[in-house]
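Welcome! Here are a few short exercises with worked solutions, to be read with the structure in view.

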Amino acid sequence: MIIGKKATIMVTLLMMFALVAVPVSADTVTTNVTVQSGGGDPPWIMAVWQQDTTPSLEDGDPDHQIPGPQFMPPVTYRGFKRVYNYAVVFDEQGPDTISEVSFQTYNPRGNAQQLGDEEVDINWHVWDGRYRYQNIADNYYAHDDENDKAAARAAVKAAYEAGLVTFNGATWEEVDYKLSQDEAKLFWGGVSHFYNTPGGWLTVKTTAFDINDNPSDTVESKFYLVPVAGVELDFTTIDYGKIALSQWKPISGDANFGTADRPTVRNIGNTYVSIVIEQDDMGIGQSLINGIPRWDVEYGARLGDNSNNWVEYKPYEEATLPNPLPLCNTGKLDFKIHILKAWSGSTYGGTMIITADQWWGN
Ligand SMILES: [Ca+2]
Ligand SMILES: [Ca+2]
Ligand SMILES: [Ca+2]
């Protein structure tokens, strides 16, 4: 036991001596470098994510309750939602040899009604997962500039803490370390997603290239555009005009948004919508027919001009039009009225409520 302790102490002293001795002894260190033939190694994407420009980095989930990024659509006619793609890239031949980072966005799959419901049997139109567009990173933080490095590390940390980042064979600590050591570089580029970009989980496939055109492995990440039903009307009043008792009187709209006397609806959200209509009785009231109350007025509405799509409804009854209004479509709304009993020469007025619901197929 005693011998062992002494031995330990001796070794420690020798090591201390050696450490002190190195600076003055001009030791020789061997160095190795391999010049790669055929262009070297492909870049390595260590981490990717998407974020928006709001303080929470994801306005569809500002308290970060759901993993991954969630964003709100603009719900504005011809509006945009700005989303930024980020990637931390490493290359064995050095960060200056990374020449391009490409982000390719793909449509959602299935009907995407719910956050977890990204794969369902119904696939149609824009929910078929097809390729949408490419964004090439046009910004990066310099790997050898202290301010840029601090900004890059802060950006990765904030996104990581918000639960946005998809890591690819690296932890956040490893990514942060490589950035701190001038070995990796943070790239980004912005995409303005048009208002009719379909709601649901969109896939982003990120690939980096080096100056020898070596492509990295492609890293897949996802972000969620929250499905929101939204429509806009070009009318605030419907004048049924002069009517004859017991005769249906139609008022036809047009597909021209901006002509208020001809009702038009357009979809400004990122889902198909069904139109729901409810109207009061305009003060026309009820009659007792064989002791049973009956409304003295009824209504009808349709989207488009197919006669099969008319829906007739009583006052205060919610009527859902059978045909949906697809994404980014403008439609004609027709209305009709049928008065069974009212005072001749009187004018009646009321209110109609028009609502858009998400439509995901029948
Ligand atoms: Ca390389
Ligand atoms: Ca989230
Ligand atoms: Ca119109």
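**Exercise 1: A sheet and its edges**

Alanine 47 stands opposite phenylalanine 167 in E7. Keep in mind that this model is predicted.

Task: Find out in which order the strands of this open sheet are arranged, and which of them stand at the edges.

Solution:
- Step 1. Begin with E1 and E7, which run antiparallel and are joined by 2 bridges.
- Step 2. Now widen the view: the open sheet has 5 strands, in the order E6-E8-E3-E1-E7, and their pairing is antiparallel.
- Step 3. Strand E6 (139-140) and strand E7 (166-167) each have a single partner strand, so one side of each is left without a neighbour in the sheet, and these two are the edges.

**Exercise 2: Two helices side by side**

Task: Work out how helix H2 and helix H3 are oriented to each other, and which residues make their contact.

Solution:
- Step 1. Look at the axes of H2 (residues 146-161) and H3 (residues 172-180): they are 9 Å apart, and the helices pack at an angle of about 170°.
- Step 2. Angles over 145 degrees count as roughly antiparallel, and H2 and H3 are therefore roughly antiparallel to each other.
- Step 3. On the H2 side, the contact is made by Lys149, Ala152, Arg153, Val156, Lys157 and Tyr160. H3 brings Trp172, Val175, Asp176, Leu179 and Ser180.
- Step 4. Sort the residues of this contact by character: 6 are nonpolar, 1 is polar and 4 are charged.

**Exercise 3: The buried face of H3**

Task: Identify the buried residues of H3, say how they are arranged around the helix, and find what covers them.

Solution:
- Step 1. Val175, Lys178 and Leu179 are the buried residues of H3.
- Step 2. Viewed down the axis of H3, these buried residues fall within an arc of 100°, so they line one face of the helix.
- Step 3. A general rule helps here: an α-helix has 3.6 residues a turn, so residues three or four places apart point the same way.
- Step 4. The cover over the buried residues of H3 includes strand E1 (44-51), strand E3 (80-90), H2 and strand E8 (184-194).
- Step 5. Return to the sheet: H3 lies across E1, E3, E7 and E8, and runs at about 110° to E8.
- Step 6. Finally, see what follows H3: aspartate 182, whose phi is positive, near 65°.

**Exercise 4: The whole chain**

Task: Describe how many helices and strands the protein chain has, and what share of its residues is buried.

Solution:
- Step 1. The protein chain holds 3 helices and 21 strands.
- Step 2. Of its 362 residues, 33% count as buried.

Conventions: Residues numbered from 1 in each chain as written. Chains lettered and ligands numbered in written order. Predicted model: local features only at pLDDT ≥ 70, side-chain atom pairs only at ≥ 80, totals over all residues. Axes fitted to C-alpha atoms, helices over the stretch in contact; angles between N-to-C directions. Helix = DSSP H or I, 4+ residues; strand = E, 2+ residues; numbered from the N terminus. Parallel < 35°, antiparallel > 145°, perpendicular 65-115°, else oblique. Contact = placed C-beta atoms within 7 Å. Nonpolar A, V, L, I, M, F, W, Y, C, P; charged D, E, K, R; others polar. Buried ≥ 20, exposed ≤ 12 C-beta atoms within 10 Å, placed from the backbone. Arc of directions from axis to C-beta. Pairing = 2+ DSSP bridges.
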